[in-house]
Structure formats: C-alpha cells, structure tokens
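Me: I have a structure open and want to go through it piece by piece. Can we start with the overall picture and then move to details?

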Amino acid sequence: MSVPTQFQTAPPAEPQTEERHARPGWWPAVRPLVLRLHFYAGVLVAPFILVASVTGLLYTIAPQVEQIAYHDLTHVTPSGDRVTLAEQVAAARASHSNGDILRVDVPPAADRSTRVVFTDETVPDDYAMSVFVNPYTAGVEGQVRSYGQWLGFRAWLDELHRNLHLGAVGRHYSELAASWLWVVALGGLMLWLGKGRRDRRARRLVTPDLAATGRSRVMSWHAVIGVWVLLGVLALSVSGLTWSRFAGANIGEVRTALSWTEPTPATSLHTGGAADEHAHHGSSGPAGGVEDPDAVFSDGVGVDGVLATAREAGLGDPLYLVPPADGASAWTAAENKRDWPTRYDAISVDPATGEMLDRVDFADWPVMAKLTDWVIGAHMGILFGIVNQLALAALAIGLIVMTVLGYRMWWLRRPRGAEGLRFGRPAPRGAWRRLPWPALVALVAVTGVVGWFVPMLGISLVAFLVVDAALGAVRRRS
C-alpha cells in the first residue's frame with residue numbers, strides 16, 4: 001500500500017547539511033594549509049632533495065669502489081712472521097716525515113696492511129694522510145689522503161653528498177634537504193590519506209591506480225612510491241640532521257643534557273709512581289710540547305705493549321690504537337666494528353706500564369647512543385653490508401622518481417592550452433585564516449619550537465612566508 005505523497009516525510013537533509021558544515025572536523029580546516037606547505041616545499045626545496053638523492057645514490061657504490069681502487073694498498077700477501085708494530089710505525093714515519101701520528105689501525109686479517117694515519121698540511125681541513133705498511137716486511141705500500149675511515153674516492157663521494165665540495169657553505173644544501181624531507185613526506189601522506197576521506201571511492205595506498213589517466217595517474221604513482229619509502233625517508237631525515245651544522249649542534253646539546261652520548265674511557269694518568277715519572281719525562285704523545293712525540297711508540301711498553309694489553313682485554317678487530325694526547329695522557333685502544341653486530345669496546349692503557357686504566361664496553365652505552373650510532377650506520381650504508389647499500393639505493397631512486405613526478409604534476413596543472421614555460425597554478429592562498437584561533441596559536445607555537453631547533457627549516461619557512469606575502473600584495477595591486 002503506497003503512502004500519499006502529501007503524507008510522506010521528507011528526510012531532514014538541510015539540518016544535517018548545516019550541522020555538517022558547522023562541525024566539519026579538523027581535516028577540512030587543515031588540508032588547505034598542508035597543501036600549500038607541501039606545494040611550496042615541493043617546488044622550492046625539492047631541488048635540494050633531488051641533489052641529495054642523486055649524490056646519495058652515487059655514494060651507495062663507494063665501498064666497492066674503495067675496495068677495488070685501493071686493493072694494492074690495503075691488501076698484502078702473507079709471508080712468515082710479522083715485524084713489530086713499532087718497526088712498522090717507524091717505516092711509515094720514514095716515508096712521511098711531517099705531521100703527527102693520529103692513530104694506528106691494526107691489520108684486521110692476515111692479508112691486510114697496517115694503516116698509520118698522519119696529520120698533513122697538504123690535505124683539506126678534517127682530512128688526514130693514511131700510510132699503508134706491509135706488516136711482514138715493514139715496506140711502505142703507499143699513501144692516500146683520507147677522511148675518517150674513508151680513503152680517496154670514497155671520501156670524495158662522501159664530501160660531494162655532504163657539501164658538494166663547497167666547504168661550510170655547501171653544508172647548507174644538505175641540511176636544508178634533511179630539514180624539509182620529513183615535512184614533505186608526512187605532509188604528502190596526510191594529503192593522500194585525506195583524499196580518501198573526500199571521495200568515497202577506495203584509494204590505492206600501496207599500489208598505483210593503473211586505470212587513472214593524466215595528472216591523476218601521475219599523482220597515484222607519486223603517492224604510492226611515497227608510502228613505500230616513507231619510513232626509510234624519515235630515518236634518512238633524522239639521521240642526516242644529527243650531523244648537520246646547525247640542527248646537529250642542537251641535537252648534540254640535547255644528547256649531552258640527557259646523557260645520550262657515547263662514553264669514552266678516561267685517559268688521564270694517575271699521579272704519583274711510575275706513571276707520574278713517565279709523564280714528566282716528556283716521552284708521550286704528539287701534543288704538549290714534547291721533544292719527540294714518536295718516542296711513545298717505542299718507549300715504555302710501546303705500541304706493541306698497548307696492542308698486547310688490548311688483546312688480553314678481549315678487544316677484537318677492527319682495532320684502532322690512538323697515542324696519548326700529551327705527557328699526562330694514556331693510550332686508547334678501541335674497537336671500531338661498524339657493521340652488524342657492532343662492537344665499540346674501548347680501554348685506556350698506561351704508556352709506561354701497559355696497565356689497563358679504564359674500560360668502556362659497548363654494552364654499557366646508553367640505549368639512545370646505540371640507537372643513534374645504528375641509525376647513522378644505516379644512513380651510511382655500512383650497518384648491514386650489501387643489503388643496506390641496496391636499500392639505500394632503492395630509497396634514493398624512489399626519492400628521485402617522486403621528485404620528478406611532483407614537478408610533472410605541477411606542469412600538468414597548467415591552464416588548458418598553455419604553451420611554453422607556463423607552470424601550474426599554486427595552491428590557494430589564505431589557508432591559515434580558515435583555522436580556528438586555538439589551532440592557529442598551537443600551530444604557530446609548534447612551528448616556532450621546531451624552527452628554532454631545526455634552524456634551516458625555520459629560516460626557509462620565514463622566507464617562504466615573506467615571498468608569499470609579497471606576491472600576494474603585488475597581485476592585489478595589479
């Protein structure tokens with residue numbers, strides 16, 4: 001039985017619509033602001049991210065290139081018994097008469113050479129000169145400039161990624177990329193998830209929409225690749241900031257305040273007795289006005305006695321021996337195994353008696369210090385070997401493709417029929433005015449704190465706002 005039309009009850013569509021507009025939720029209010037921020041960061045910061053991705057991709061092949069390029073320096077043919085470390089250091093000194101000895105790297109295997117690292121005025125700041133000695137003959141195999149552990153070409157690639165070989169000024173590019181990378185990544189994820197809230201069709205989060213065409217197809221690929229690489233991108237951003245120039249200093253202060261730094265064994269010699277007598281005879285390390293800083297390698301227990309103490313203490317390879325900084329300091333012997341499982345046990349050794357003075361094991365490091373080291377090792381591609389390198393290469397390629405697709409989307413937003421270098425329109429202005437004032441106050445406060453802690457992010461954001469305001473003023477007058 002049908003109900004007469006005049007008696008049918010109409011659904012209260014209008015009140016529901018008004019209520020829905022009155023309480024739209026947080027996302028419709030925030031989305032325009034996220035969209036505009038993502039747009040400006042994508043257009044203006046993406047070139048820095050692209051350069052960092054390309055140089056990072058090149059760096060992933062560095063370990064193999066280093067092994068091939070310097071094989072003759074780092075490898076030897078075992079033949080008989082080894083000569084003493086003191087004789088090997090003396091041979092290295094004979095071939096490199098200038099500079100102080102920074103450390104001695106003990107051969108980690110029977111077919112590896114001994115590495116003696118010197119300061120050198122002919123190399124750039126923060127670099128050193130590594131001399132390689134055959135441990136069986138004390139013959140010098142050659143020398144090459146180095147940066148930390150890295151030799152020659154690998155050090156060159158590392159500096160290309162860090163600062164484009166432009167020194168301190170060049171470090172701004174990589175810090176800007178790392179500062180914005182997490183903002184762009186999380187903003188893009190919010191926009192892609194929010195797109196599913198605006199239309200009721202099922203959104204493809206982990207597979208691209210192959211049925212889409214034009215700009216929608218490009219956007220689908222851009223977003224899906226972003227979802228796949230998100231966690232890796234966030235890890236790269238955080239780890240990159242830890243050794244950046246400005247944000248890295250702030251992170252260092254926080255780590256120090258919270259005792260998250262890597263502990264090191266105490267190297268000050270005890271006063272009195274043989275240690276005090278030895279310290280005042282001036283036969284210690286390369287600093288402190290000592291007449292013969294190299295004497296510490298043969299006087300007292302010498303470098304061979306320090307190595308014997310380190311082995312008795314259970315320290316394994318790779319092993320570094322660092323001479324005393326002055327006449328009142330001890331030797332340091334430290335493991336430096338940076339691949340998994342990592343080992344960083346370290347001891348200090350009295351140069352006169354060979355006694356172990358202090359010990360710090362990796363197991364005793366604070367959890368956050370361990371986590372920081374692991375994240376940085378993963379960023380550098382050394383934590384999990386070839387698997388780590390392949391993962392980094394995939395991340396770099398993903399970032400490169402996403403960046404190119406992002407610019408492609410901008411290009412496709414051009415007015416219909418546009419020709420020449422006419423790019424797409426920007427996201428609408430005035431998004432911040434749509435926010436409720438409590439949300440706006442909270443946003444400004446959070447942005448201020450993050451901008452102070454990550455200065456390159458804060459400075460560039462202010463620059464964006466100034467440029468945006470100036471362009472808006474020009475458009476209003478025209």
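Me: How much of the chain counts as buried?
Reply: The model is predicted. Of the 478 residues of the protein chain, 43% count as buried.

Me: And how many helices and strands are there?
Reply: The chain has 16 helices and 9 strands.

Me: What about contacts between residues far apart in sequence?
Reply: Take the contacts between residues at least 6 apart in sequence: 61% of them join residues at least 24 apart.

Me: OK, helix packing. How do α2 and α3 sit against each other?
Reply: Helix α2 covers residues 26–44 and helix α3 covers residues 46–59; they pack at an angle of about 55 degrees, with their axes 4 Å apart. The two helices are therefore oblique to each other.

Me: Which residues meet there?
Reply: From α2 it is A41, G42, V43 and L44, and they meet A46, P47 and F48 in α3. By class, that contact has 6 nonpolar residues, 1 polar and no charged ones.

Me: Does anything else come up against A46? What does T403 touch?
Reply: T403 touches A46 and L50, leaving out residues up to four places away in sequence. T403 itself is in helix α14, residues 385–412.

Me: Is T403 buried or exposed?
Reply: T403 is buried, because its relative accessible area is 11% and the cut-off for buried is under 20%.

Me: Back to α2. At what angle does α2 cross α16?
Reply: Roughly 105 degrees, and the axes come within 12 Å. That makes α2 roughly perpendicular to α16.

Me: Who makes that contact?
Reply: On the α2 side, R36, L37, Y40, A41 and L44; on the α16 side, L461, F464 and D468. By class, the residues of this contact divide into 6 nonpolar, no polar and 2 charged.

Me: Now pockets. What is the volume of the second largest pocket?
Reply: About 1,200 Å³. There are 35 lining residues, and the closest to the centre are L33, L37, L443, T447 and L461.

Me: L37 and L461 again, then. Which helices supply the lining?
Reply: L37 and L461 do also take part in the contact between α2 and α16. As for the lining, α2, α8 (167–198), α15 (437–453) and α16 (455–477) each supply at least two residues.

Me: Which one gives the most?
Reply: α16, with 9 residues.

Me: And the make-up of the lining by class?
Reply: The lining residues of this pocket divide into 24 nonpolar, 6 polar and 5 charged.

Me: Changing topic. Which residues of α12 are buried?
Reply: Helix α12 runs over residues 302–312, and its buried residues are G302, V303, G305, V306, L307, T309 and A310.

Me: What do they pack against?
Reply: One helix and several strands: the buried residues of α12 pack against α6 (85–95), β1 (101–106), β6 (319–322), β7 (331–335), β8 (346–349) and β9 (356–360).

Me: Anything odd in the backbone just after α12?
Reply: G314 takes a positive phi of about 90 degrees there. In the loop between α12 and β6 there is also P318, and the peptide bond from D317 to P318 is cis, with omega near -5 degrees.

Me: Where is the cis bond between W340 and P341?
Reply: P341 is in the loop between β7 and β8. The cis bond joining W340 and P341 has an omega of about -5 degrees.

Me: Why bother pointing these out?
Reply: Because most residues other than glycine have a negative phi, and most peptide bonds are trans.

Me: Which non-glycine residues have a positive phi?
Reply: H165 is one of them, at about 60 degrees, and S259 also has a positive phi of about 60 degrees. H165 is in the loop between α7 (152–163) and α8, and S259 lies in the loop between α10 (247–257) and α11 (273–280).

Me: How accessible is H165?
Reply: H165 counts as partly exposed, at 30% relative accessibility.

Me: Last one. What is W221 in contact with?
Reply: Leaving aside neighbours within four places in sequence, W221 is in contact with P208, L210 and L405. W221 lies in helix α9, residues 214–242, and is partly exposed, with a relative accessible area of 36%.

Me: And how far is W221 from M402?
Reply: They are 181 residues apart in sequence and 8.0 Å apart in space, C-alpha to C-alpha.

Definitions and conventions. Residues are numbered from 1 along each chain as its sequence is written. This is a predicted model: local features need pLDDT of at least 70, side-chain atom pairs count only at pLDDT 80 or more; totals for chains, interfaces and linings use all residues. Side-chain values use heavy atoms; hydrogens and water are left out. Axes are lines fitted to C-alpha atoms, for helices over the stretch in contact, and angles run from 0 to 180 degrees between N-to-C directions. Angles under 35 degrees count as roughly parallel, over 145 as roughly antiparallel, 65 to 115 as roughly perpendicular and the rest as oblique. Contact means heavy atoms within 4.5 Å. Ala, Val, Leu, Ile, Met, Phe, Trp, Tyr, Cys and Pro count as nonpolar, Asp, Glu, Lys and Arg as charged, and the others, Gly among them, as polar. On a 1 Å grid over the protein atoms alone, a cavity is a set of points where a 1.4 Å probe fits but cannot get out, and a pocket is an open set with protein on both sides within 12 Å along at least five of seven lines; lining residues have an atom within 4 Å of a point. Grid points are joined across faces, edges and corners, and a volume is the space filled by probe spheres set on the points. Buried means under 20% relative accessible area, exposed over 50%, partly exposed in between (1.4 Å probe, protein chains only).
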